[in-house]
Amino acid sequence: MEENQASKIHFWPIMIAIFFGNFVSVLSTTTINIAVPLLMDHFNTSLNTMQWMVTGFMLATGVTAPLAGYLGGRFSYKRLYLFALMGFTMFSLFCALAWDPTSLIVFRMLQGSCSGLIMACTMTIIFQVIPGERRPFAVSLWSLSAMVAPAIGPTFSGWLLQYASWHWLFLINIPIGIIAVILTLTLIPYYRMNIPKSFDIPGFLTVVLGSLSLLTAFSQGNSWGWTSWKTLSLILLGVVLLVLFVLRELKAEVPLLNLRVFRNRRFTAMLSIYSLVTIAMYAGTYLTPLFLQTVEGATTLKTGLILLPSSILLALLSPIVGKLYPKFGPVKLISAGILFIFIGLFMLSRLQTNISYSFIMWAMVVRNLGIGLANVPSSTASMEEIPVEWSGHATSINNWVRNVLSSLGIAVFTSLLSSRSLLHSKELISSGASNTDSIRLLSFTMGVNDVFVVGSIIVLFGFPLMFLLRKKRTVVTVQNAG
């Protein structure tokens, strides 16, 4: 982008267009979690099947994220963002028209493929267009758009499900998507930085098939058996394909993803922390509504109201943390965030049948306080030393790793919940329990607690990574592969 173009950049118009697009993308994720039990009843299907509506969406976002670097350079990030918004809006309509679990899962995955492009494009536009001194605040606004959706999503979807049908969870995306398209057309400038000469087909095939193999193995491992030949074969295939992908990208003249950005210690450490926080975050986002409705018998509206305070806190924290970042830096903010996430998840691992709603509400408040403190600093710090012309590759890698790990995390959490609930059920029966309903609710609760313990342990691995940030920065110089 030319210097005279950069001087004409208007901060708020661009951020408004980015805000609406990212908002509608995240809204579709947060509103649907609360509807999982209802959709299981509506389509008369199991949790293992309906989890694909969540994990399939997230996998698709991770699969298309690697494409953003190439497509953004080829067609410009404005045009790619516009295309993704239009596709997202169209597939929202198709989801509302779904006639069985398979059609809903397929349309959700197509919707997710557009969502992956939206998230990668919006972050890249910030780091390529917004001046450096305003980027932390711009990232906080970008995060705010992702936090406002969870703030209103559960309560709003609970109200919709209480007084309307589940179809409206998808139909509501259409007017917001249309507004985002109009704003993008009128407010975001057209620009191109470097145009790739070719498309890395082998790299794309290996990353897509490798990601799919791992997700399928982890999501079906509990029903197939973790030592079955199908599970182990898919895990092995996924690992081999992803290793081939890495080798290919390091040697390709024009790589799909320029993995040389991992030479930057700061980027690698921050991406790792961001991924750990995201995995731990989805443990609460996915399991808490499930527990409230399955065990506590809470309505969808009640569930949304219980989650509302913590979601509002998360939304309010984003711009505040963005302003605090220049003063405190990433280490202090992220360390405090990890500590609060751990405390919140540990509180959620103490659930009991008939537990008070206020306990769950406060546990989620503590957890979201930590997420708010950790999210903006980790995403901002990861990009600080990446050359502007390669920010598209860096954000694509960021989204791919984060979304694939998140989808694998949910798949593992679901399988762990199922296996631990079954184990606790057998233990209760062997101890003399006979009431079927009590056994089902108690074993499910104990299984949820086990998953939250695992989530709390996972997030603690972020602390050792902090030491990498205290060392001297290593600025990566990326060779132009084109």
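**Exercise 1. Count the cavities of 30 Å³ or more in the whole structure, and describe the second largest.**

Step 1. A search of this predicted model finds three such cavities; a cavity is a set of points on a 1 Å grid over the protein atoms alone where a 1.4 Å probe fits but cannot get out. Its volume is the space filled by probe spheres set on the points, which are joined across faces, edges and corners.

Step 2. The second largest cavity holds about 70 Å³ of space.

Step 3. Its lining residues (an atom within 4 Å of a point) are M123, W142, Y274, S379, M383, T395, N398, N399 and R402. Helices α14 (357–383) and α15 each give two or more of them, and α15 gives the most, with four. Helices here are DSSP runs of H or I with at least four residues, numbered from the N terminus.

Residues are numbered from 1 along each chain as its sequence is written. In this predicted model, local features need pLDDT of at least 70 and side-chain atom pairs pLDDT 80 or more, totals for chains, interfaces and linings use all residues, and side-chain values use heavy atoms, without hydrogens and water.

**Exercise 2. Describe the largest pocket by its volume and lining.**

Step 1. The volume of the largest pocket is about 350 Å³; a pocket is an open set with protein on both sides within 12 Å along at least five of seven lines.

Step 2. Its lining has 17 residues, with L47, T294, S421, R440 and F444 nearest the centre.

Step 3. The helix that gives the most to this lining is α15, with six residues.
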